[in-house]
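Colleague: I'm new to reading protein models, and I'd like to go through one with you. Could we take it step by step?

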Amino acid sequence: MARIFLKLVGVLIFHLRGGVACARWKGVKVGEGCRIYVRDFGTEPFLISLGDRVTVAQGCVFLTHDGSTWLVRDTDGERYFRFLPISVGSDVFIGANSLIMPGVRIGSRVVIGAGSVITRDVPDGVITAGNPAREIGLFSDYENKIKSSCPKEGDLKGADSYMGRVSIALNFYFRRQFH
């Protein structure tokens, strides 16, 4: 009963106060300016730390334990356990449905593509994607591409709604593509 109550409280916090508040309530160490679109941080959320300006997209999973160690027993029949922290630097985007494995450290200024499985550390300044994930580019190249093809916040100020901002951004993109 207590477990159901705590789950309900987590859902309420997520919907009323947002993903950052929910993650902090569960014990995740969360920096400033983050955007978190998941409610579940596994069974050991206290082993997860996120830097500043981190986005965790929908469907991401953070595994801080290795359940397969349970299969190994010593001569007395006792099972083994493995728990490892996950650390994420600052200015990181973790794409939808990505899986971060136990013990992984993700550097700063990193983009992780949607659906990636991160099985080992990711250094600063790279873009990584795939299963298992591998480096596919540099953050600095991505940054230059975005600066030349996307509008800035100030370019969207004239819009009176979210749909208006999206419309301005689309027009900006198509003007750049065809000129």
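**Talking through the model**

Modeller: Sure, let's begin at Gly 31, which sits in the loop between β1 and β2. Keep in mind that this is a predicted model.

Colleague: Is Gly 31 buried or exposed?
Modeller: The cut-off for buried is under 20% relative accessible area. Gly 31 has a relative accessibility of 14%, so this glycine counts as buried.

Colleague: Which residues does Gly 31 touch, leaving out those up to four places away in sequence?
Modeller: One partner is 21 residues apart from Gly 31 along the chain, yet the two C-alpha atoms are separated by 4.3 Å. That partner is Asp 52. The full list for Gly 31 is Arg 24, Leu 50, Gly 51 and Asp 52.

Colleague: Arg 24 is on that list. Which side chain does Arg 24 meet in a salt bridge?
Modeller: Side chains of opposite charge can pair when their charged atoms come close. Here the N to O distance is 3.7 Å, and a salt bridge needs the nitrogen within 4 Å of the oxygen. The partner of Arg 24 is Glu 32.

Colleague: Of Arg 24 and Glu 32, which one counts as exposed?
Modeller: Exposed means over 50% relative accessible area. Arg 24 has 40%, so Arg 24 is partly exposed. With 55%, the exposed one is Glu 32.

Colleague: How many salt bridges are there in total?
Modeller: Besides Glu 32 with Arg 24, there is Arg 53 with Asp 91, at 2.6 Å from N to O. That pair links distant parts of the chain, with Arg 53 in the loop between β3 and β4 and Asp 91 in the loop between β6 and β7. The count comes to five.

Colleague: Are Arg 53 and Asp 91 buried, partly exposed or exposed?
Modeller: Partly exposed covers what lies between under 20% and over 50%. Arg 53 has 44% relative accessibility, and Asp 91 has 28%. So Arg 53 and Asp 91 both count as partly exposed.

Colleague: What about Arg 109: which residue does this arginine pair with?
Modeller: The closest N and O atoms of this salt bridge are 3.0 Å apart. Arg 109 lies in the loop between β9 and β10 and its partner lies in helix α3, so the pair ties together parts that are 34 residues apart in sequence. Arg 109 is partly exposed at 33%, and its partner is partly exposed at 24%. That partner is Glu 143.

Colleague: Now the helices. At roughly what angle do the axes of α1 and α2 cross?
Modeller: Helix α1 covers residues 2-17 and helix α2 covers residues 19-26. Their axes come within 6 Å. The crossing angle is roughly 150 degrees.

Colleague: How many charged residues are in the contact of α1 with α2?
Modeller: From α1 come Leu 6, Val 9, Gly 10, Ile 13, Phe 14 and Arg 17, and these meet Gly 19, Ala 21, Cys 22 and Trp 25 in α2. By class, that makes seven nonpolar residues, two polar ones and a charged count of one.

Colleague: What do the buried residues of α2 pack against?
Modeller: The buried residues of α2 are Gly 19, Val 20, Ala 21, Cys 22 and Ala 23. They pack against one helix and two strands: α1, β1 and β2.

Colleague: Which residue follows α2?
Modeller: Its phi is positive, near 110 degrees. The residue is Gly 27.

Colleague: Over at the surface, how much accessible area does the nonpolar patch have?
Modeller: One of its members is Trp 70, in the loop between β5 and β6. At 45% relative accessible area, Trp 70 is partly exposed. Leu 71, Val 72, Tyr 80, Phe 81 and Phe 83 are in the patch as well, and together with Trp 70 the area is about 710 Å².

Colleague: To finish, what share of the residues in the protein is buried?
Modeller: The protein has four helices and 13 strands, and its C-alpha trace spans about 75 × 40 × 20 Å along the principal axes. The accessible surface comes to about 11,600 Å², of which 57% belongs to carbon and sulfur atoms. Of the 179 residues, the buried share is 34%.

Conventions. Residues are numbered from 1 along each chain as its sequence is written. This is a predicted model: local features need pLDDT of at least 70, side-chain atom pairs count only at pLDDT 80 or more; totals for chains, interfaces and linings use all residues. Side-chain values use heavy atoms; hydrogens and water are left out. Axes are lines fitted to C-alpha atoms, for helices over the stretch in contact, and angles run from 0 to 180 degrees between N-to-C directions. Contact means heavy atoms within 4.5 Å. Ala, Val, Leu, Ile, Met, Phe, Trp, Tyr, Cys and Pro count as nonpolar, Asp, Glu, Lys and Arg as charged, and the others, Gly among them, as polar. Patches are made of residues with over 30% relative accessible area and no salt bridge: like charges are joined within 9 Å, nonpolar side chains (Val, Leu, Ile, Met, Phe, Trp, Tyr) within 5 Å. Accessible areas come from the Shrake-Rupley method with a 1.4 Å probe; for residues, only the protein chains shown count as cover. Buried means under 20% relative accessible area, exposed over 50%, partly exposed in between (1.4 Å probe, protein chains only).
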